[in-house]
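I opened the notebook today to look up a few local features of this model, and I write down below what I found for each.

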Amino acid sequence: MTPSAPVIDLHTHSTASDGTDSPTALVESAVAAGVDVLAITDHDTVAGWDESTGAALRLGIGLVRGIEISCKRDGRSIHLLGYLTDPASPDLMTELARARESRTTRLERMVCKMAEAGIPLTYAEVLAQVAPGATPGRPHIADALIANGTITHRDEAFASWLHDGSEFYVHHYSLDPVEAVRLVREAGGVAVHAHPFTRTRARVAPDELVEEMAAAGLAGLEVDHRDHGADERRRAGDLARALGLLVTGSSDYHGTGKRNRLAEHTTRAEVLAQIEERSSGVTQVVRP
Ligand code: AMP
Ligand code: ZN
Ligand code: FE
Ligand code: FE
């Protein structure tokens, strides 16, 4: 009998950004969901790495330490997963710190605009939803509106006030995606384009951008993801094949903040092995 394939989920969020599980609770949830290897990929931060490492070692589960970098090109939002980067890499870490700083002022501006329009909300209420040291994001505005009884789920806030095209939307500083790939590589990490053809976005990213990222050292595409329908999956899979990129799948779990369930999409063990092989080895996969 062949042993069953390991369950590998390479994209999740904790309270170090906009997930609702603490890094420890995230690892516990992964164990409960039957995950064998989990990646923690909080937005623009490594703040959840130490706690999740301790929990993974304690609970006997594999852990890939990663980040999800919010990038922008021509006003279009692009997310880049960086796995196994060196957390002491000065250029990458400086850019992430700059993004987090800008996210804070941006959130305050969004809250101001919303409050002026009569939406019952204060900046203090929003800050109360952000864990100490966490990357603030729009979901924390939604959480404040849940806490004060205005709505019952983050979805409602995104449908009305928080989506990219909203009158209340304010940009934050973010890296160009090609520059981000370069910085992840320079930090010894492995770059994977997260949900490249997300259906919920106003405009679809062009293939040419992925080609440009591939030329800069992009390793893979997250093909299997809830935000991709059959067409997007086919398109991403074809593009990965044409460009010789790895294919990953993952949940993008955010705890109770999103409907995505752990391991609803997974990555093959051979692909994880490639990711490990292509990293510098400064940051390693935590193994039980
Ligand atoms: P920001 O990082 O501030 O630009 O906010 C983007 C984050 O909001 C993403 O990481 C998404 O996970 C989250 N998000 C987007 N749409 C929704 C939604 N409908 N419900 C819950 N979370 C969402
Ligand atoms: Zn998120
Ligand atoms: Fe994302
Ligand atoms: Fe994500």
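Entry 1, a loop residue. I began with D74, which is exposed, with a relative accessible area of 62%. I kept in mind that this is a predicted model, and I then placed D74 in the loop between strand 3 (62-73) and strand 4. When I looked up its backbone, I found that phi of D74 is near 55 degrees, a positive value in a residue that is not glycine. I noted this one down because most residues other than glycine have a negative phi.

Entry 2, a second residue with positive phi. I found that D252, although not a glycine, has a positive phi of about 60 degrees. Is D252 buried or exposed? At 3% relative accessibility I count D252 as buried, since the cut-off for buried is under 20% relative accessible area. D252 sits in the loop between strand 7 and helix 10.

Entry 3, the zinc ion. I next asked which residues coordinate the zinc ion (ligand 2). I found D18, listed twice through OD, together with H43 through NE2 and H254 through NE2, at 2.1 to 2.6 Å. Along the sequence I read the spacing of these donor residues as D-x24-H-x210-H. H43 lies in strand 2 (residues 37-43), while H254 lies in the loop between strand 7 (246-249) and helix 10 (269-278), so this pair ties together parts that are 211 residues apart in sequence. I also checked accessibility and noted that H43 is buried, with a relative accessible area of 8%, and that H254 is likewise buried, at 5% relative accessibility.

Entry 4, the iron ion. For the iron ion (ligand 3) I found coordination by E68 (OE), H79 (ND1) and H195 (NE2), at 2.1 to 2.2 Å. The donors of the iron ion follow the spacing E-x10-H-x115-H along the chain. I located H79 in strand 4 (residues 76-83) and H195 in the loop between strand 5 (190-193) and helix 8 (207-215), a pair that links distant parts of the chain, 116 residues apart. Both histidines came out as buried when I looked them up, H79 with a relative accessible area of 16% and H195 with one of 4%.

Entry 5, the two metals together. How many Å separate the zinc ion (ligand 2) from the iron ion (ligand 3)? I recorded a computed separation of 5.9 Å between the zinc ion and the iron ion.

Notes:
Residues are numbered from 1 along each chain as its sequence is written. Chains are lettered from A and ligands numbered from 1 in the order in which they are written. This is a predicted model: local features need pLDDT of at least 70, side-chain atom pairs count only at pLDDT 80 or more; totals for chains, interfaces and linings use all residues. Side-chain values use heavy atoms; hydrogens and water are left out. Donors are N, O and S atoms within 2.8 Å of the metal (3.2 Å for Na, K and Ca); water is not among the atoms, so sites may look incomplete. Helices (H or I, at least four residues) and strands (E, at least two) are DSSP runs, numbered from the N terminus. Buried means under 20% relative accessible area, exposed over 50%, partly exposed in between (1.4 Å probe, protein chains only).
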